[in-house]
Amino acid sequence: VTGIITLLTDFGMSDGYVGAMKGAILSIAPNASVVDISHEVPAQDIRSGAFTLKTSTNTFPSGSVHVAVVDPGVGGARRALAVRVGESFFVGPDNGLLSWALAAAMGVVIDTEQLSLGPDVAAVSMDVPRYWRSFVSSTFHGRDIFGPVAAHLIAGEPLERMGSPVETIMALPWPAVSILDDRIVGQVLTVDHFGNCITNIGGDEVQAGDTIHIADRTISGLNRTYESSVALIAVIGSSGLLEVSIPGGSAAQWLDVQTGAAVEVKRG
Amino acid sequence: VTGIITLLTDFGMSDGYVGAMKGAILSIAPNASVVDISHEVPAQDIRSGAFTLKTSTNTFPSGSVHVAVVDPGVGGARRALAVRVGESFFVGPDNGLLSWALAAAMGVVIDTEQLSLGPDVAAVSMDVPRYWRSFVSSTFHGRDIFGPVAAHLIAGEPLERMGSPVETIMALPWPAVSILDDRIVGQVLTVDHFGNCITNIGGDEVQAGDTIHIADRTISGLNRTYESSVALIAVIGSSGLLEVSIPGGSAAQWLDVQTGAAVEVKRG
Amino acid sequence: VTGIITLLTDFGMSDGYVGAMKGAILSIAPNASVVDISHEVPAQDIRSGAFTLKTSTNTFPSGSVHVAVVDPGVGGARRALAVRVGESFFVGPDNGLLSWALAAAMGVVIDTEQLSLGPDVAAVSMDVPRYWRSFVSSTFHGRDIFGPVAAHLIAGEPLERMGSPVETIMALPWPAVSILDDRIVGQVLTVDHFGNCITNIGGDEVQAGDTIHIADRTISGLNRTYESSVALIAVIGSSGLLEVSIPGGSAAQWLDVQTGAAVEVKRG
């Protein structure tokens with residue numbers, strides 16, 4: 001059995017949690033290629049995990065299994081999901097974590113706290129213990145349920161055997177963008193490692209001649225790259241979203257803005 | 001040659017040390033699957049490394065080689081060990097780092113600074129240079145000795161050829177738990193990435209009706225999961241040990257406790 | 001297609017960038033072994049990345065492809081390079097990042113801002129879009145150009161088809177060491193995870209009886225290992241360079257020195 005299993009968690013790398021999860025996977029599918037996406041999602045920050053999952057998994061080959069665990073409700077009432085989209089799979093808790101990647105794969109935008117999966121997507125609530133580790137803790141389903149199920153999926157076991165069918169999952173509403181005649185009103189969606197302020201405003205909404213407003217600063221027009229002689233710039237980033245950036249520095253730190261800060265695009 | 005080699009070090013990921021060690025392994029066993037457990041063990045903290053090794057390697061398939069390097073005495077008099085338990089291997093310095101994982105595999109508890117390996121465990125002091133890199137530094141045995149030996153083990157080379165037999169290794173005594181008639185006295189063994197205070201008290205010692213005492217706070221009874229409407233809770237964690245936790249927050253920070261802090265379980 | 005592709009970036013592990021790059025590689029070469037060297041190069045610090053690349057890639061087997069991305073000029077005028085040295089490859093921006101690893105492989109020292117590649121090295125400016133992702137952003141060439149080209153190289157595609165020939169690349173001059181009759185004058189090249197101050201002075205220049213001077217402190221002679229009863233020591237580190245170190249502590253912090261600090265070796 002070969003195949004790719006990606007891991008995205010908020011476990012950090014200083015404990016044994018990531019290793020224990022990898023071992024549980026490899027003890028079922030020893031030749032699987034286990035690929036770290038990130039274990040540095042801020043602890044219990046489901047929205048941050050959802051964004052990272054959406055912006056990283058879309059480059060992987062068809063047939064990959066993507067496991068995501070940011071799971072404050074572990075062991076409680078929340079369901080554990082396995083979802084097939086095309087030939088790829090997503091495995092994780094039913095708390096919204098998977099919803100942005102799934103919506104992107106389905107080509108829909110999420111505006112409520114539910115996502116209907118539609119006819120081309122198959123999903124189950126993973127309630128068949130045969131696919132779990134023999135001992136299941138109530139605090140570490142990454143090792144005991146999500147990892148083992150992913151390994152069985154990459155080994156070719158049918159999704160449908162692993163649980164009861166699910167048609168609607170919990171979703172995180174994408175923060176609303178107001179597109180008005182004279183301006184677009186959005187917000188900072190996330191701040192990346194370089195301090196770039198990534199907004200929820202689609203790059204195709206911004207036109208030549210527009211000005212971008214954030215934290216009492218005004219930016220005229222778009223840069224094509226991060227290179228600039230100007231201190232504060234706006235670019236369309238690698239996920240197709242409007243970003244505010246400082247060449248060689250951190251825009252978030254310099255502007256003193258965080259996730260949720262208001263951003264406006266005014267028509268020129 | 002395929003097979004799994006896991007890595008646990010205190011090297012951090014900001015330098016080239018981890019990469020150099022991986023390259024040294026892959027130049028001998030290019031198809032080995034090299035799996036990162038952690039490189040974020042606190043620098044030179046043997047006890048923390050021993051706990052992470054114990055709690056992560058027990059999920060891996062039989063036949064894996066586990067390399068651990070937290071090695072303040074590198075290049076000095078401490079021996080370099082390779083140990084076989086069942087069909088799996090542990091490779092690392094003889095400074096206690098391997099002792100908790102080995103004791104768990106052997107089903108014993110360590111109460112002195114020596115561990116006798118017993119008849120089912122084979123170990124050598126790796127003193128045969130043929131299995132090392134051709135140039136051996138006196139400061140980086142992860143690259144020059146431990147990694148290459150692990151690669152030769154995964155390639156099927158017999159352990160017995162790699163060094164002189166060893167029957168007793170250095171051990172870290174497991175911090176003592178006092179089990180009295182009316183209470184159990186233990187301590188915080190480690191604090192994890194989420195701020196959970198993991199104690200040295202086995203979960204099976206705690207009974208319904210007991211109260212848990214830490215840093216002048218009292219916790220009534222055990223929670224099954226991290227979910228709770230109560231601020232401070234106690235759970236049996238994924239390694240089977242009593243933990244003190246705050247849902248959505250850091251118990252260690254809020255209680256202002258660290259490794260070694262006293263914990264008492266009082267009979268109800 | 002099997003083979004090893006190593007990754008060295010300044011992307012950090014908290015976003016989806018590393019995952020997206022891995023996915024782009026694996027969608028072209030699904031059985032490649034993708035090996036993380038480091039993603040914790042300080043943001044946009046080309047010199048630090050060049051040192052880590054040089055000190056980590058030299059242990060990998062022949063035939064490996066080493067991708068390095070520290071790329072403040074992404075999307076701008078700087079060329080994107082693919083270089084073959086022996087049977088191995090280096091892929092990254094033409095900003096000096098590859099120069100120290102290449103110079104070491106060629107056995108030369110860099111003293112200008114250009115490196116002539118010589119007859120045994122082949123290099124191209126990667127300007128053939130067929131080897132890129134179908135959509136290429138102007139801000140993320142790790143995902144869109146460097147990763148895909150590396151995957152095509154490991155799949156056996158000839159380097160020469162991927163771009164126009166290059167004979168000279170941008171280089172970082174190795175900080176000069178003055179070797180005088182009575183002393184050697186150098187500097188701290190980098191500080192590692194343990195706080196060791198790694199200098200630009202080759203270990204073979206230092207003689208028995210020399211004293212080492214840094215931050216108004218004097219160290220007599222060399223230690224063979226990091227073990228010592230003395231607080232501040234000098235050793236020849238694992239890359240063959242003179243290091244100043246504190247057993248069990250951080251020399252950089254204790255001495256309050258950083259990259260660039262003066263170091264002198266005085267003849268005894």
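Biologist: How much space lies in the largest cavity?
Modeller: About 290 Å³, taking a cavity as a set of points on a 1 Å grid over the protein atoms alone where a 1.4 Å probe fits but cannot get out. This is a predicted model, in which local features need pLDDT of at least 70, side-chain atom pairs count only at pLDDT 80 or more, and totals for chains, interfaces and linings use all residues.

Biologist: How many cavities of 30 Å³ or more are there?
Modeller: The count comes to 1.

Biologist: Which residues are closest to the centre of the largest cavity?
Modeller: A:Asp71, A:Val74, A:Thr139, B:Phe194 and B:Tyr226, out of 22 that line the largest cavity (lining means an atom within 4 Å of a point). Residues are numbered from 1 along each chain as written, chains are lettered from A and ligands numbered from 1 in written order, and side-chain values use heavy atoms, without hydrogens or water.

Biologist: And the lining by class?
Modeller: The lining has 10 nonpolar, 9 polar and 3 charged residues; Tyr counts as nonpolar and Gly as polar.

Biologist: Switching to the chains: what rotation superposes chain A on chain C?
Modeller: One of 120°, with 0.0 Å of shift along its axis and an RMSD of 0.0 Å, fitted on C-alpha atoms of residues with pLDDT of at least 70 in both copies. That is the relation of a three-fold axis.

Biologist: Which C-alpha in chain A is nearest the axis?
Modeller: That of A:Ser33, 4.7 Å from the axis.

Biologist: Is H2(C) enclosed or open?
Modeller: Largely enclosed by the rest of the structure, because 10 of its 12 residues are buried (under 20% relative accessible area, 1.4 Å probe, protein chains only). Among them are C:Ile46, C:Phe51 and C:Leu53.

How values were computed: Buried < 20%, exposed > 50% of the residue type's maximum accessible area, 1.4 Å probe, protein only. Helix = DSSP H or I, 4+ residues; strand = E, 2+ residues; numbered from the N terminus. 1 Å grid on protein atoms, 1.4 Å probe; cavity = no way out; pocket = protein on both sides within 12 Å on 5 of 7 lines; lining within 4 Å. Points joined across faces, edges and corners; volume = space filled by probe spheres on them.
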